[in-house]
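This note is set out for a colleague at the bench as a series of numbered points. Each point may be read beside the sequence and the structure shown here.

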Amino acid sequence: MKIDKKIFAEYHNPRYTREMDGELGNWSYANESKNSRAAVRRYHYNADLVDASGRHQIAAVNYPVVGMQSQNDPDYIEYQILLAKLAYIDGFMSDFRHLADQAGVKQLKLLKRAAERYDFEIGVDWCDAQIFYSLKKDRPDLDTREKQIGFCKSCFKYLLEEIYDGPTGANIGGHPVILLFGDGFTFAEFAALKRETSGFGTREPWYFRRAVMKGKYDGGTVTYTYDGDHEYFAPAHRNEIAGPFGWIPFRLRDAEADGKPYWDVYATEEDCLAYLYTLRNHAAENRTSYRAWISVVTPGMDQRGCAAWGRAISYLERGDGSLYRAMWKDNVKHREEADAVFIAGWNDYNEGHEIEPTLENGYRELETTAQYGAQFLSLIHISEP
């Protein structure tokens with residue numbers, strides 16, 4: 001069966017403004033990377049502070065062209081969707097935690113409402129680990145894992161019936177696409193939930209699990225190997241998921257030793273291409289087990305905006321946009337093999353891997369997406385060298 005290719009982008013949240021919401025969300029952030037060896041390991045960003053140029057002190061290394069906006073503002077969402085469509089992006093995969101996260105649910109509703117006007121798609125990148133450590137803040141009554149898993153049935157029902165069951169539901173080949181970021185559901189829990197919620201929605205959903213790899217750095221070269229023994233990707237389990245999706249490659253090089261004092265670890269363009277090679281080979285070797293698979297591109301990464309959420313601070317150098325172009329070129333070269341490309345991400349300012357236009361990088365990554373996205377989707381003719 002021939003499947004039309006798709007391009008999706010991760011949509012990070014929440015970000016607010018005082019004027020619209022009375023709070024700031026992730027525009028403000030303070031944290032310390034306690035185990036870091038970087039020159040600075042504690043960061044405190046107060047977005048209420050404004051400098052002489054009019055810039056808020058946002059938790060990011062790059063600043064949006066349109067300034068600090070609220071993700072509850074329908075006009076801002078419309079702007080983002082129209083920009084994405086100009087770059088041939090089919091849809092946003094919004095970070096999702098659970099139904100008790102009212103802000104996240106509101107975000108999905110706002111995105112869907114805008115998507116309905118512009119032939120755009122909305123889906124979720126489900127941060128399923130949040131079920132087991134953040135749910136208790138909103139629902140202290142769900143105090144056992146059994147209760148938490150039971151609550152997930154309502155989450156599946158909501159997603160499949162309210163978000164995916166319609167023309168704006170993110171899909172591949174007509175199948176709703178739900179990304180599972182991982183480290184939450186065990187495979188047994190996921191398989192049981194999949195069976196118990198199979199009657200929700202009108203179309204069979206395809207669940208994609210984030211690719212699980214191991215990395216090794218020998219002081220010169222980074223080598224990635226696919227973890228085929230992981231419970232989601234063990235041969236006996238592969239038919240339960242639609243396939244893997246790629247994410248930002250591991251950063252394994254010693255930043256301090258290589259003259260990058262503000263980070264602990266980093267990766268190079270060579271490393272990112274090696275990651276794509278490993279992901280693509282695994283998918284090819286197991287094509288009969290998987291229904292589809294999703295490759296990845298990222299413009300770079302700089303986690304100083306969130307102090308790496310308390311972990312080792314990592315870095316992927318954008319350069320003049322060369323990393324993003326290289327990953328796109330690799331995906332275009334092998335476009336017959338992948339079913340979709342996942343952009344990590346559209347607006348993750350905290351981790352510094354946004355392609356939304358910024359004062360520092362302009363519209364460069366958006367233009368790169370349009371150029372190579374059109375080629376990946378076979379919307380334009382490609383002259384072979």
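**Notes on the predicted model**

1. The lining of the largest cavity divides by class into 3 nonpolar, 2 polar and 2 charged residues. The residues concerned are Leu160, Tyr164, Asp165, Pro176, Gly201, Thr202 and Arg203. The space in this cavity comes to about 30 Å³, and a search of the whole structure finds 1 cavity of 30 Å³ or more. The model is a predicted one, and the points below should be read accordingly.

2. The largest pocket holds about 1200 Å³ of space. It is lined by 41 residues, of which Tyr133, Phe181, Trp309, Arg311 and Glu351 are the closest to its centre. Two or more lining residues are contributed by helix H4 (135-138) and by strand S8 (206-210). Sorted by class, the lining of the largest pocket comprises 18 nonpolar, 9 polar and 14 charged residues.

3. Trp309 deserves a separate entry. Its place is in the loop between strand S15 (301-302) and strand S16 (314-316). Although Trp309 is not a glycine, its phi is positive, at about 55 degrees. Trp309 has a relative accessible area of 25% and is therefore classed as partly exposed, the range for that class running from 20% to 50%. Trp309 is also one of the residues closest to the centre of the largest pocket.

4. Asp183 is a further residue other than glycine with a positive phi, here near 70 degrees. Asp183 belongs to the loop between strand S7 (175-180) and helix H6 (187-196). With a relative accessibility of 61%, Asp183 counts as exposed, because the cut-off for that class is over 50%.

5. Two cis peptide bonds should be noted when the backbone is inspected. One runs from Asn13 to Pro14, with omega near 5 degrees, and Pro14 sits in the loop between S1 and H1. Another joins Ala344 and Gly345, with omega about -5 degrees. Gly345 is located in the loop between S17 and H9.

6. The count of salt bridges comes to 25. Side chains of opposite charge can pair when their charged atoms come close. Lys6 and Glu121 form one such bridge, with 2.9 Å between the closest N and O atoms. Lys6 lies in strand S1 (residues 6-11) and Glu121 in strand S5 (residues 121-126), so this pair ties together parts that are 115 residues apart in sequence. Lys6 is buried at a relative accessible area of 10%, and Glu121 is buried at 11%.

7. Where do Asp348 and Arg15 lie in the chain? Their side chains meet in a salt bridge at 3.9 Å, N to O. The pair links distant parts of the chain, with Asp348 in the loop between S17 and H9 and Arg15 in the loop between S1 and helix H1 (18-21), 333 residues apart. Both residues, Asp348 and Arg15, are buried.

8. A salt bridge also brings together the side chains of Arg325 and Asp320, at 3.1 Å from N to O. Arg325 is partly exposed, having a relative accessible area of 24%. In addition, Arg318, Glu354, Arg364 and Glu365 are joined into one network by salt bridges that share partners.

9. Which residues form a nonpolar patch on the surface? Val65, Val66, Leu359 and Tyr363 do so, and together they have about 310 Å² of accessible area. Leu359 is found in the loop between strand S17 (340-343) and helix H9 (364-376). The relative accessible area of Leu359 is 45%, and Leu359 is therefore partly exposed, since exposed would require over 50%.

10. Is Ala47 buried or exposed? At 0% relative accessibility, Ala47 is buried, because the cut-off is under 20%. Ala47 occupies a place in the loop between strand S3 (42-45) and helix H2 (74-86). Ala47 and Ala59 are 12 residues apart in sequence, and their C-alpha atoms are 7.4 Å apart in space.

How values were computed: Residues numbered from 1 in each chain as written. Predicted model: local features only at pLDDT ≥ 70, side-chain atom pairs only at ≥ 80, totals over all residues. Heavy atoms only, no water. Patch = residues over 30% accessible without salt bridge, like charges linked within 9 Å, V, L, I, M, F, W, Y side chains within 5 Å. Areas by Shrake-Rupley, 256 points an atom, 1.4 Å probe, with all protein chains shown as cover. Salt bridge = Lys/Arg side-chain N within 4 Å of Asp/Glu carboxyl O. Helix = DSSP H or I, 4+ residues; strand = E, 2+ residues; numbered from the N terminus. Buried < 20%, exposed > 50% of the residue type's maximum accessible area, 1.4 Å probe, protein only. 1 Å grid on protein atoms, 1.4 Å probe; cavity = no way out; pocket = protein on both sides within 12 Å on 5 of 7 lines; lining within 4 Å. Points joined across faces, edges and corners; volume = space filled by probe spheres on them. Nonpolar A, V, L, I, M, F, W, Y, C, P; charged D, E, K, R; others polar.
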